[in-house]
Amino acid sequence: MPTPIKERVDAELKDAMRAKEKLRVEVLRGMLSAFSYRRIEAGRDLSDPELIEVVAKLVKQRGDSIAEFTKAGRQDLVEKESAERSILLAYLPPQMSEGEIAAVVHEVPPASRNQAGAMRPLMAKLKGKADGNLIRLLVERELAATSDR
């Protein structure tokens, strides 16, 4: 049984094909392919939260590619990956702001004031709501601030 996200991707793929939006068609087909691979891996139909995880993984891959292409000076590929990432981001739930994440990071109990101890509960609490790299940077900043006190 198709989920709302999969139905939305299918409908938007048809619209993109009619409008001859080559990049959007490519990204949406890739997303459907990733959904299929994950469904076969799981051996069952996926729920919306599982599909969101797949989309988040695709967004992270694009982010990693953007960083690498930037280092290599390939602005053409950076632009393409950025465009793909922005299409994929539309399928994720709204992300928390840096300030909201910082407030949650600040609430981490002092007993877990090492990076690994702080990241585990934070990643569980913020899963799907915030970028892991941003969480890591804020944890590092918070730990540095508390060690300076």
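**Close-up views of a predicted model**

**View 1. Confidence along the chain, from helix 2 to helix 7.** Among the elements of this predicted protein model, helix 2 (residues 22-42) comes out with the highest mean pLDDT, 95, while helix 7 (residues 132-148) has the lowest, 77. Across the whole protein the mean pLDDT is 86, and 93% of the residues reach 70 or more. A word of caution for any view: where pLDDT is low, the predicted coordinates should not be read in detail.

**View 2. Helix 1 and its two sides.** Helix 1 takes in residues 4-18, which makes 15 residues. From first C-alpha to last it reaches 21 Å, close to the 21 Å expected at 1.5 Å a residue. Look for Ile5, Val9, Leu13 and Ala16 here: these are buried. They share one side of helix 1 because they cover an arc of only 75° around its axis. It helps to remember that an α-helix has 3.6 residues a turn, so residues three or four places apart point the same way. Over on the other side of helix 1, Pro4 and Arg18 are exposed.

**View 3. What helix 1 packs against, and what follows it.** The buried residues of helix 1 pack against helix 2 and helix 3 (48-71). Once helix 1 is done, along comes Lys20, with a positive phi near 55°.

**View 4. Arg62 in helix 3.** Zoom in on helix 3 and you'll find Arg62. Is Arg62 buried or exposed? Its relative accessible area is 16%, so Arg62 counts as buried, the cut-off being under 20%. Setting aside neighbours within four places in sequence, Arg62 is in contact with Glu81, Glu84, Arg85 and Leu88.

Key. Residues numbered from 1 in each chain as written. Predicted model: local features only at pLDDT ≥ 70, side-chain atom pairs only at ≥ 80, totals over all residues. Heavy atoms only, no water. pLDDT = per-residue confidence, 0-100. Helix = DSSP H or I, 4+ residues; strand = E, 2+ residues; numbered from the N terminus. Expected span 1.5 Å × (residues − 1). Buried < 20%, exposed > 50% of the residue type's maximum accessible area, 1.4 Å probe, protein only. Arc of directions from axis to C-beta. Contact = heavy atoms within 4.5 Å.
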